[in-house]
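Trainee: Could you walk me through this one before I start my own notes?
Mentor: Gladly, let us look at it together.

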Amino acid sequence: MTRIDIIGAGISGLSTAYYLARAFETERERKIEIHVWEKDATPGGLAGTFTTPDFAVEKFYHHIFKRDRDLQQLIADVGLGEDIVWRPAATGAYYFRQPYRLSSPLDLLRFKPLPFFDRLRLGWMAVHARAVKDWRQLDDISCKEYIHRIAGDTVYRVVWEPLFRGKFGAYADSVSAAWLWSKLVDRGGSRNSQGHELLGYLRGGMGRMFEAIVATLQRNGHHLHFGQSVRRLHGTGERITTIETTEGAFPTDAVIGCAQLPELAEILPEQAATYRQALGSIGFLSNVCLVLTLNQSLSDFYWTNVTEPDAPFIGIIEQTKWADSADFHGKHVAYISAYVSPDDPRLNMDGDALLAQYLPAIRKMFPQFSDSMVEAAVVWTAKYAQPIVTVGYRHLVPEIQSPLRNLFVCTMAQIYPHDRQMSNGVALARKTAEIVRQALQAA
Ligand SMILES: Cc1cc2nc3c(=O)[nH]c(=O)nc-3n(C[C@H](O)[C@H](O)[C@H](O)COP(=O)(O)OP(=O)(O)OC[C@H]3O[C@@H](n4cnc5c(N)ncnc54)[C@H](O)[C@@H]3O)c2cc1C
């Protein structure tokens, strides 16, 4: 029996386990036993679900794009394909103390903060992006430079710069144009014939898919260890020999690291000092997500980009402006999201304190808001929420096969230039499973 240990039960870890188990199902020569280690009590990582008496929903807002085929296939494979709900989602923007609808090309043409000619130039960006043949050339310039070239200074200053500041903070000016390119190209694929965006969610939350994968793995004799951390990997020469966990130390044949890169760097064995440094060269931003349960709706849109220079958050995502209200028992759910540096004090605040801090901005944006609308406020935080994808990021992305022969790495930071969507994570996991399978066959 070959033992494979997987670190992390987010989408990367669980889908790698799922495809690996499937790949070996029909193997006669070699049988595998997979152990998945997850420090949290429940699966899902960033895409995990929490439940209240009225509904179950993701801790951080998550939707599925039409072109997210790998994820849809995985959901179907575990028997939940019928439960993906597709609904049109209205997008807005809050600029200069005004809300604007920004859901279709027509909305773009009516977008007053930009002079008319610049609205056309903004729309032209998506057309230009789709014509780009090799994204690598864009990875050598910043978004700032690219947008200035394609659409001009006003489009950059009014539309994009505030969004980059909100998402990447001090790194805004050096974000790679390849990252923006993939967003422009991928996003277009989710629109229907009228240009409206159709987004999907799994009824009852993504947690159902994770639980279904866990059940499939367990049924096939594999092992899931929730609430248990991997503390350190040990080895000699080019191999990992032992995995040290909170449950004990175990000999292992192969390890797949599916936690975030800085978390993996911390537990690497002594002999991998250079590799540790390489993994550590990728920086991350954190996310603080305030989830409000409301007795009335807050905004007119599912997704509102907030680009006021003094706003303490970047987006308001009102789940129930898009999802079927029957799934929420009449409650309204809004996420208030901010990307912050990993030492931001908000990462340690509770729901009431964070709401109190955000109240002046919320009241300014939504004059009809009153405190009595809020039934509950909870905060979810993620220290490693977004890799900082600056110019030349492709040179930093680690290979799936690490310099150690039986250590493999599959994390969202390796998804590039495409965004760290769950579906891209599933595709990377399938590739990882195949690489591991081949490596084991060759060993
Ligand atoms: C705010 C936000 C919104 C998003 N919205 C969308 C969206 O709408 N659509 C979409 O497709 N994607 C979205 N994403 C991206 C998506 O959530 C991620 O790409 C995906 O969930 C990453 O999965 P992962 O398994 O790679 O990492 P993670 O989910 O971070 O999983 C890693 C796991 O490893 C565990 N771990 C870490 N260290 C150890 C250790 N030493 N021992 C044991 N376990 C360990 C962690 O607890 C965690 O569960 C969003 C992300 C964020 C932050």
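**Two domains and a sheet**

Mentor: Domain 1 and domain 2 bury about 1,200 Å² between them, with 54% of it on carbon and sulfur atoms; buried area is the accessible area, taken with a 1.4 Å probe, that two parts lose on being put together, summed over both. This is a predicted model, in which local features need pLDDT of at least 70 and side-chain atom pairs count only at pLDDT 80 or more, while totals for chains, interfaces and linings use all residues. Residues are numbered from 1 along each chain as its sequence is written, and side-chain values use heavy atoms, with hydrogens and water left out.

Trainee: Which residues of domain 1 supply 43% of the area it buries against domain 2?
Mentor: They are V391, R394 and P417, which supply more than any other three residues.

Trainee: And where do the domains run in the chain?
Mentor: Domain 1 is made of 2–62 + 206–282 + 389–442, and domain 2 covers 105–188, with bounds that come from an automatic or database domain assignment. The contact, meaning heavy atoms within 4.5 Å, takes 11 residues from domain 1 and 18 residues from domain 2.

Trainee: How many salt bridges are there between domain 1 and domain 2?
Mentor: There are three, where a salt bridge is a side-chain nitrogen of Lys or Arg within 4 Å of a carboxyl oxygen of Asp or Glu. R394 forms a salt bridge with D139, and their closest N and O atoms are 2.8 Å apart.

Trainee: Back to P417, what joins it to Y416?
Mentor: A cis peptide bond joins Y416 and P417, with omega at about 10°. P417 lies in the loop between β20 (407–409) and α12 (422–442); such helices (H or I, at least four residues) and strands (E, at least two) are DSSP runs, numbered from the N terminus.

Trainee: New topic, in what order do the three strands of the open sheet come?
Mentor: The order is β5-β9-β6, and the pairing is antiparallel; two strands pair if DSSP finds at least two bridges between them.

Trainee: Why is one side of β5 and of β6 left without a neighbour in the sheet?
Mentor: β5 (64–65) and β6 (84–88) stand at the edges and each has a single partner strand, so one side of each has no neighbour there. β6 pairs with β9 (residues 198–202) in the antiparallel sense over five bridges, and the bridge partner of I84 in β9 is L202.
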